[in-house]
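Hi,

Here is the structure I promised to pass on. Have a look at it first, then read on for my notes.

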Amino acid sequence: QVRLVESGGGLVQAGGSLRLSCAASGGVVFKINAMGWYRQAPGKQRELVAGITSGGSTNYADSVKGRFTISTDNANTHTVYLQMNSLKPEDTAVYYCNARVVGFLEYDSWGQGTQVTVSS
């Protein structure tokens, strides 16, 4: 199976910025149809933050529109980034990378998660 490795989380003050990265490797990959970032705060359900399709279409949670930007590496569409600006304490969560992989089967692959903490 494809393995997703995230990096870039950490502690930042409110109003600051962080950039998350997620690289997919291994497994049999004919295509990655979409990649995205989800987050889960303590006591809350995991929610979609941002997604991007192989065609470049993006979608965002209302709470992050205008502040977060999802993108892929043009030279390697198996790498996805999440630029997070104007961070708020309510953005504090574990952020997970997701990929919709088409190999011999189609399945979802998940990263291990990276902690983002925004202090007020």
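Before the details, one term: by a polar contact I mean a pair of N or O atoms within 3.5 Å, where, within protein, one must be able to donate a hydrogen and the other to accept it. Please also keep in mind that this is a predicted model.

With that in hand, take arginine 39, which sits in strand S4. Is its side chain buried or exposed? At 6% relative accessibility, arginine 39 is buried, because the cut-off for that label is under 20%. Its side chain has polar partners there: a polar contact of 3.0 Å links arginine 39 to the side chain of aspartate 91, and another, of 2.9 Å, links arginine 39 to the side chain of tyrosine 95. If you leave out residues up to four places away in sequence, arginine 39 also touches a list of others, including Gln45, Glu47, Val49, Phe68 and Val94.

Now the strands around it. S4 covers residues 31–40 and pairs with S5, residues 47–53, in the antiparallel sense, over 6 bridges. To get your bearings in that pairing, look at alanine 34, whose bridge partner in S5 is threonine 53. The hairpin of S4 and S5 has 6 residues between the strands, and glycine 43 takes a positive phi there, near 80 degrees.

S5 goes on to pair with S6 (residues 58–60), again antiparallel, this time through 3 bridges. Glycine 51 is the residue to find here, as it stands opposite asparagine 59 in S6. Which residue takes a positive phi in the hairpin of S5 and S6? That would be glycine 56, near 95 degrees, in a hairpin with 4 residues between the strands.

Just past S6 comes aspartate 62, in the loop between S6 and strand S7 (68–73). Aspartate 62 is exposed, with a relative accessible area of 66%. Its side chain makes a polar contact of 3.1 Å with the side chain of lysine 65. For a sense of distance, aspartate 62 and glutamine 45 are 17 residues apart in sequence and 16 Å apart in space, C-alpha to C-alpha.

Then the disulfide. How many did a search of the whole structure find? It found 1, formed by cysteine 22 and cysteine 97, with their sulfur atoms 2.1 Å apart. The link of cysteine 22 and cysteine 97 is left-handed, with -85 degrees about the S-S bond. Cysteine 22 lies in strand S3 (residues 18–25) and cysteine 97 in strand S9 (residues 93–102), so the pair ties together parts that are 75 residues apart in sequence. As for accessibility, cysteine 22 is buried at 0% relative accessible area, and cysteine 97 is buried at 0% too.

One last stop in S9: asparagine 98 belongs to that strand. At 7% relative accessibility, asparagine 98 counts as buried. Setting aside neighbours within four places in sequence, asparagine 98 is in contact with Leu4, Ala34, Met35, Gly36, Tyr38, Asp108, Ser109 and Trp110. You'll recognise Ala34 in that list: alanine 34 is the residue with threonine 53 as its bridge partner in S5.

Over to you now.

Cheers

Conventions: Residues are numbered from 1 along each chain as its sequence is written. This is a predicted model: local features need pLDDT of at least 70, side-chain atom pairs count only at pLDDT 80 or more; totals for chains, interfaces and linings use all residues. Side-chain values use heavy atoms; hydrogens and water are left out. Two strands pair if DSSP finds at least two bridges between them. Helices (H or I, at least four residues) and strands (E, at least two) are DSSP runs, numbered from the N terminus. Buried means under 20% relative accessible area, exposed over 50%, partly exposed in between (1.4 Å probe, protein chains only). Contact means heavy atoms within 4.5 Å. A disulfide is a pair of cysteine sulfur atoms within 2.5 Å.
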